[in-house]
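Let's take a walk through this structure together, starting from one residue and working outward to its surroundings. Have the model open and ready to turn as you read.

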Amino acid sequence: MGLGFAEFDEAAGDLYQWASACLGWDLAETLRTASPDELRQTYIAQPAIFCVSVAALRALEAAGVARPAYVAGHSLGEFSALVAAGALSFEAGLLLVARRAEAMQRAADARPGSMSSVLGLSAEGVEMAVEATAQGQVLAVANDNAPGNVVVSGEWTALERLPAAAKELGARRVVPLNVGGAFHSPLMAPAVEVFQPHLAAAPLRDPAIPVVANATAEPVTSAEELRELLARQLTGRVRWTESVRRMVALGVDTFIEVGPGTVLGGLIKRSVEGTKVLSAADAEGVAAVVDALRVQSDGDAARADVAKGEDQGEVVVLPERFAVSPGHGRFYPVTPSRFNDERPYVEPGDLLGEVRNGAASIPVRSPFRGWVMAHLAWEGELVTPGQILLSLRPF
């Protein structure tokens, strides 16, 4: 549940304290003391998963892992992906996740249902089984996770009829899932009505990194389109297999699973061949990811040296670096005063902005010479320690 980050990483501990202040209840203490049944409650589980995912993300960023080419998240994970893309601040994302969880819990209480995983049958086969067993009740494909791993969501009695039809079509097993409702099905329609006003009011901005959306399996770079797709996601299918294959088609050859567990990594390996999958689930995982990417980067640079020939000179890899918040407060950037032919740039020690908390003001300064590539926190945004504020490229 992310307690390793909360208890042993100072920046992550601050993140959990800030989350507790936003939520109005002590997240870390709840994770320490709640029973397994309580932890399965949507209103606790969703903020907890979001927080540990962002804690892992911040640890990767602090370790110097360069900005990814694309981001994607499975269901709830789409919100931490939006934080990684610079489309949402941690606070805005957390509050949206909390409102989403509450809306889903209410919808689940009003129209009870559950979910079952169908193993060993194609998505098309599962659709046939759903059509054969729905009998006028709500039953729908909820998650196309990987070939042979499809989740169905709906009313209890319809789900009870599913195993016979699925096995007749060739399914190996049908496994009921221990979840709190029929998520990603039409039973969540009341949750959409409750959640949409929060989405409309959220400070969502165009992502700096394309987000491959659950609802369409296509890259999205528009905040307004993201609002519509995040609402549609509640009642629609998570197109994870398609999303993974779309990223590979776009040139992705390395995936990093950020957050608790390694489930997504396994699904990725089943969906595509020949890709590298790394997991940053805890502090040890973050360190292993950094080491693996360093080895990969060194190998890529060495191959580039050979390809270019020694007479072409040294090949220098210049990954983006990030300026991060030194504390809690509101961020106010300054206008760069240095320019060259490329873009605005800074020298070591130049002021990038300040984080204000009441009368206190903490300067944010550049640790190196580099171009200012993008602002990932807007003026006046509430920020937490370690949150990315700007991306820079050394030169």
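Our starting point is Ser271, which sits in helix 13. Please keep in mind that you are looking at a predicted model. Is Ser271 buried or exposed? Its relative accessibility is 6%, and because anything under 20% is classed as buried, Ser271 belongs in the buried group.

Now look at what surrounds this serine. Within its own helix, the Ser271 side chain reaches back to the backbone oxygen of Leu267, at 2.8 Å. Leaving aside residues up to four places away in sequence, Ser271 touches Asn145, Ala146 and Pro147, and also Thr241, Val244 and Arg245.

Let's step back to the helix as a whole. Helix 13 spans residues 263-271 and lies across strand 2 and strand 3, running at about 80° to strand 2.

That brings us to the sheet. Which order do its strands follow? The sheet is open and mixed in its pairing, with five strands arranged as 4-1-3-2-7. Strand 4 (173-176) and strand 7 (238-239) are the edge strands, each pairing on one side only.

Follow the sheet to strand 4, and you will find strand 1 (residues 114-119) running antiparallel to it, with four bridges joining the two. On strand 1's partner, strand 4, Pro176 is the bridge partner of Ser116. Helix 9 (residues 156-168) also packs on the sheet, where it touches strand 1, strand 2 (139-146), strand 3 (149-154) and strand 4. The direction of helix 9 makes about 5° with that of strand 1, while helix 13 runs at about 80° to strand 2.

Methods. Residues numbered from 1 in each chain as written. Predicted model: local features only at pLDDT ≥ 70, side-chain atom pairs only at ≥ 80, totals over all residues. Heavy atoms only, no water. Pairing = 2+ DSSP bridges. Contact = heavy atoms within 4.5 Å. Axes fitted to C-alpha atoms, helices over the stretch in contact; angles between N-to-C directions. Buried < 20%, exposed > 50% of the residue type's maximum accessible area, 1.4 Å probe, protein only. Polar contact = N/O pair within 3.5 Å; in protein donor to acceptor, adjacent residues only side chain to side chain.
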